[in-house]
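Here's a quick walk through a ligand site and a pair of packed helices. Have the structure open while you read.

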Amino acid sequence: MSKPHLTNEPWDAHLIRYGMPFAKRLIERARGTLIWDSEGREILDFTSGQMCATLGHNHPRIVEAIQEACEGALHLFSGMLSPPVVALSQRLAAMLPPHLSKSLFLSTGGEANEAALKLAKMHSGRYEVVGYTGSWHGMTSGAQSVNYVAGRQGYGPMMPGALSLPAPNPYHCPVRRCRDACDGTCLEVGFDMVDAQSTGSLAAVIAEPVESSGGVIVPPDGYWRKVKSHCDKRGMLLIFDEAQTAFGRLGCDFAFQHFGVEPDMLTLSKTLGGGLPLSATVISDAMDADCHEKGFIHPTSHVSDPLPAHVALAVLDVLAEENLNARALAMGERLGAGLRYLQDKHEIIGDVRGFGLLQGVELVKDRETRAPDAATGRAITARCMELGLSMNIVSVGSMAAIWRIAPPLTVTREEIERGVAILDQAIGEVVAEGSKTAVG
Ligand SMILES: Cc1ncc(COP(=O)(O)O)c(C=O)c1O
């Protein structure tokens, strides 16, 4: 492999900073659950890249699909279709309920949500969209307007009509009522607030079935059925954003199957492309017909591109052939057991939650007050990296510091055990160092 030429300047000399700090080492190679830095150091990747590499990095079938795509076409005029794009639309329609039958293929999750919001508004003739506190739907303006976990300040007004519902988080009850088990009061209070604020133009609710960046919030049984019935009562569309939850991470093809509720509209991204940029907005024939009639347009430079569609077909094949749904559940059990063992051992771990290979570990100063310990969390995360484990810590305002732990679905038992052992060592060292400093 030919190496790119680098000057002696600092690596970030010509790069805009976009949020999280850049890692201290350059990463040169990635395979399966492992990545290697430029000095050859091996690191376990428990974030699946940016939650996209569910098959593991550079899965041979993805590499093969990219090579095959090079034999055909990589990119075309936006109005041209190709066999992989048509096949992918047919494949998704076959996997989804009959009313989710028409797909629009774009590049990123933000774009897919942006298109979903436009379609929901055009179809309903209304403009208010309700998101969840703690949600993340993308960085384009419409999607960002219904993001409530971060990034709202500093850009002026958000999209008119952006409202919110409280996430059903029983560890930090948003209406200060429940502790450890959500009784659904927050949903009723939330819809009362939405009704009070609405100008009478409620178009849609957009939600992650399991809120991920907001701290791995798994709603209680029956929660999404209640939301759907609130939406139906108000003539609102329910949009599920399954960027992270579709295609195996929760042990099923789509999270809505697990929760027993079919959304009116669906967006897919991250996990569909297996590491390549691909997203989809999925709607019904009727909505497509109506919006087409009304003049819906959303051509982008990379709409319906053949390369990522070719790769997505390989992703869906591997998901089935390697039985990754079942594997995610089995490996998720082991990971969860390891994390609960660490919770018994280390006071700083206040809560372990999630299912499948999407696990959240909440870090607290005190298990009673549940005050977040973000500083120690960051120090442990940095120590993990030195010891060879890449982890993502997400902060939810001043409320919480949480590791979102999500290795590829192809992770091995040995890799899970190695990761848990590194985490154990890093927590032990950083907490011991902290108490020495406190005593000193
Ligand atoms: C649930 C969810 N939706 C949408 C997005 C946005 O996707 P993208 O970054 O590809 O625009 C993200 C990104 O983290 C996400 O987690």
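When a helix is named here, it is a DSSP run (H or I) of at least four residues, numbered from the N terminus. A residue belongs to the shell around the ligand if one of its heavy atoms lies within 4 Å of it. Keep in mind that this is a predicted model.

So which helix gives the most to the shell around the ligand? That's helix α4, residues 109-124, which puts in three residues. The full set around the ligand runs T108, G109, G110, N113, W136, H137, G138, E208, D241, A243, Q244 and K270. Sort them by class and you get two nonpolar, seven polar and three charged residues.

Some of these residues make polar contacts with the ligand, among them these:

| Residue | Atom on the protein side | Ligand atom | Distance |
|---|---|---|---|
| W136 | polar backbone atom | nitrogen | 3.2 Å |
| Q244 | polar side-chain atom | oxygen | 2.8 Å |
| K270 | polar side-chain atom | oxygen | 3.0 Å |

How much of the ligand's accessible area does the protein cover? On its own the ligand has 390 Å², and the protein covers 82% of that.

Now for the helix pair. Two packed helices are described by the angle between their axes and the distance between the axes. Helix α2 (residues 60-71) packs with helix α10 (residues 306-321) at an angle of about 150°, and their axes are 9 Å apart. Angles over 145 degrees count as roughly antiparallel, so α2 and α10 are roughly antiparallel to each other. As for handedness, the crossing of α2 and α10 is right-handed.

Conventions. Residues numbered from 1 in each chain as written. Predicted model: local features only at pLDDT ≥ 70, side-chain atom pairs only at ≥ 80, totals over all residues. Heavy atoms only, no water. Polar contact = N/O pair within 3.5 Å; in protein donor to acceptor, adjacent residues only side chain to side chain. Areas by Shrake-Rupley, 256 points an atom, 1.4 Å probe, with all protein chains shown as cover. Helix = DSSP H or I, 4+ residues; strand = E, 2+ residues; numbered from the N terminus. Nonpolar A, V, L, I, M, F, W, Y, C, P; charged D, E, K, R; others polar. Axes fitted to C-alpha atoms, helices over the stretch in contact; angles between N-to-C directions. Parallel < 35°, antiparallel > 145°, perpendicular 65-115°, else oblique. Left-handed = near helix turned anticlockwise from the far one by under 90°.
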